[in-house]
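Let's take a walk through this one together. Have the sequence and the model side by side, and we'll go from the metal outwards.

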Amino acid sequence: MERQPEYGTPVHDRPPVPRPGCLPCLELAAQRAGARHRGDVSAATDANVLLRRHLAETHEGDGYTG
Ligand SMILES: [Zn+2]
């Protein structure tokens, strides 16, 4: 078993999936894609955290499939 980091997003966690047609979702997904493109892991993680929070707050129980 690999140990997960004590901070940030667990490496085995699947990245949050943006909801189609939701502007904040798309913006955060674009932010994440841009960060990954730049190789900016920390910014990509930040975008994941924000997107996950947004999903929990705005799309709570909205057909969550991971
Ligand atoms: Zn959304």
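**Starting at the zinc**

Along the chain, the donors of the zinc ion are spaced as C-x2-C-x28-H-x4-H. In the model, which is a predicted one, those donors are Cys-22 and Cys-25, each through SG, plus His-54 and His-59, each through NE2. They sit 2.0 to 2.3 Å from the metal.

What arrangement do the 4 donor atoms form around the zinc ion? It's tetrahedral, because the angles they subtend run from 107 to 114°, and four donors earn that label if all angles lie between 85 and 135 degrees.

Now look at how covered the two cysteines are. Cys-25 has a relative accessibility of 0%, so it counts as buried. Cys-22 is buried too, with a relative accessible area of 13%, since the cut-off for buried is under 20%. While we're on cysteines, the structure holds 0 disulfides.

Step back for a moment to the whole chain. Its secondary structure is simple to list: 2 helices and 0 strands. There are 66 residues in the protein chain, and 24% of them are buried. The accessible surface comes to about 5,000 Å², with 54% of that belonging to carbon and sulfur atoms. If you take the contacts between residues at least 6 apart in sequence, 55% of them join residues at least 24 apart.

So which residues make up the largest nonpolar core? There are 5 of them: Cys-22, Cys-25, Leu-28, Leu-51 and Leu-55. Helix 1 (23-38) and helix 2 (41-58) each put at least two residues into this core. Both cysteines in that set also appear among the zinc donors.

Leu-28 is a good place to see the core from the helix 1 side. This leucine has a relative accessible area of 12%, which means it is buried. Setting aside neighbours within four places in sequence, Leu-28 touches Ala-47, Leu-50, Leu-51 and the zinc donor His-54. Its C-alpha atom is 9.4 Å from that of Ala-44, 16 residues away along the chain.

Cross over to Leu-51 and you meet Leu-28 again, along with Cys-25, Arg-32, Pro-16 and Pro-18, once neighbours within four places are left out.

That brings us to Arg-32, another residue of helix 1. Is this arginine buried or exposed? It counts as buried, because its relative accessibility is 10% and the threshold is under 20%. Beyond its neighbours within four places in sequence, Arg-32 contacts Pro-15, Pro-16 and Pro-18, and also Ala-44, Ala-47, Asn-48 and Leu-51. Pro-16 and Pro-18 are in contact with both Arg-32 and Leu-51, while Ala-47 is in contact with both Arg-32 and Leu-28. As for the backbone, the C-alpha atoms of Arg-32 and Ala-43 are 7.1 Å apart, with the two residues 11 apart along the chain.

Terms used:
Residues numbered from 1 in each chain as written. Predicted model: local features only at pLDDT ≥ 70, side-chain atom pairs only at ≥ 80, totals over all residues. Heavy atoms only, no water. Helix = DSSP H or I, 4+ residues; strand = E, 2+ residues; numbered from the N terminus. Buried < 20%, exposed > 50% of the residue type's maximum accessible area, 1.4 Å probe, protein only. Contact = heavy atoms within 4.5 Å. Areas by Shrake-Rupley, 256 points an atom, 1.4 Å probe, with all protein chains shown as cover. Disulfide = S-S within 2.5 Å. Donors = N, O, S within 2.8 Å, 3.2 Å for Na, K, Ca; no water. Tetrahedral: all angles 85-135°; square planar, octahedral: opposite > 155°, others 65-115°. Core = buried A, V, L, I, M, F, W, Y, C linked by side-chain atoms within 4.5 Å.
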